[in-house]
Amino acid sequence: MELQVNGHKTFVYTGGKPFDAAKPSVVFIHGVLNDHSVWILQSRWFAHHGWNVLAIDLPGHCKSEGPPPASVEEAAGFVLALLDAAGIEKAALVGHSFGSLIALETAARAPQRVSHLALVGTAYPMAVSPALLQSALEAPEQAIAMVNTFSHSMLAPPPSSLGPGTWLYGGSRALMRRVLASNPQVNVFHTGFKACNDYANGEAAIAAVQCPVLFLLGEADQMTPPRAAQALAKKAPQAKVVTVKAGHALMSEAPDDVLFALRDFMLGTR
């Protein structure tokens, strides 16, 4: 589905079901150099179980037009504009990595519009090493290789992800290359990493959140290790922390565990 947001075409994946703003809604927000496809299992499950799903491509990424957000705050403004464009008064927000900071800032800016907040593979502060920032700008292929090494704790996914025989490193690398090539005007790799590194409003944001919060973390995550989310979790209202056997690429390395954690959090039943 395509929406006009801030004057630009925005692509949202609806999980294979027609959009219906009358249903409860959930917005899935991807991380740096990813797109809507990283949520394929989770988004389709919610879409086929009574939820209105919007798994977005951030502006300037893949199928979405417009300048890529240069800050977490700018991206949060985009998410609120997206809800307006879709006619959604209130939604659950699920964000991974960079997307988790975007979801957090959105929930802080408009707490009355967010029913649930799920922060997947999150950390605060989300510092990016100077070497990785520089590589993302000057040697993106080298940075992609570094990120894939740090993001994965296994080589092949369980069957419920992409199927037996899938190479997680290769699939992730291909996706990152595709997302980077989708915007020849702006290096979305460096832009996204810099936005993560520069974000300084996490503690104030979590204090402004009024909905239940899920911290969904990978126990083998080297990009955003679980300990880096502890301080934020302690300040969160109605916080729940779930740790799964995975690295930073939780959705592909532990697809069922991620889905079940989101399901239990938002539906309240197992």
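The following paragraphs describe the sheet, the helices packed on it and the salt bridges of a predicted model.

The strands form an open sheet of 8 members with mixed pairing, arranged in the order S1-S2-S4-S3-S5-S6-S7-S8. Strand S1 (2-5) and strand S8 (239-244) stand at the edges and have a single partner strand each, so one side of each is left without a neighbour in the sheet. On average, and with direction ignored, neighbouring strands of this sheet are turned by 25° against each other. Strand S7 (residues 213-218) runs parallel to S8 and is joined to S8 by 6 bridges; Leu217 has Thr243 of S8 as its bridge partner.

Helix H2 (residues 72-86) packs on the sheet in contact with S1, S2, S3, S4 and S5, its direction making about 120° with that of S1. Helix H3 (residues 98-109) likewise packs on the sheet, where it touches S3, S5 and S6, and its direction makes about 150° with that of S5.

A search of the whole structure finds 8 salt bridges. One of them joins Glu2 to Lys9, with the closest N and O atoms 3.7 Å apart; Glu2 is exposed at 52% relative accessibility, whereas Lys9 is partly exposed at 25%. Glu141 and Arg177 form another, at 3.0 Å from N to O. Because Glu141 lies in helix H5 (residues 140-151) and Arg177 in helix H6 (residues 168-181), this pair ties together parts that are 36 residues apart in sequence. Glu141 is partly exposed, with a relative accessible area of 42%, and Arg177 is partly exposed with 40%.

A salt bridge of 3.7 Å, N to O, also connects Lys245 with Glu219. Lys245 is located in the loop between S8 and helix H10 (250-253), and Glu219, 26 residues apart from Lys245, in the loop between S7 and helix H9 (230-235).

Technical notes:
Residues numbered from 1 in each chain as written. Predicted model: local features only at pLDDT ≥ 70, side-chain atom pairs only at ≥ 80, totals over all residues. Heavy atoms only, no water. Pairing = 2+ DSSP bridges. Helix = DSSP H or I, 4+ residues; strand = E, 2+ residues; numbered from the N terminus. Axes fitted to C-alpha atoms, helices over the stretch in contact; angles between N-to-C directions. Contact = heavy atoms within 4.5 Å. Salt bridge = Lys/Arg side-chain N within 4 Å of Asp/Glu carboxyl O. Buried < 20%, exposed > 50% of the residue type's maximum accessible area, 1.4 Å probe, protein only.
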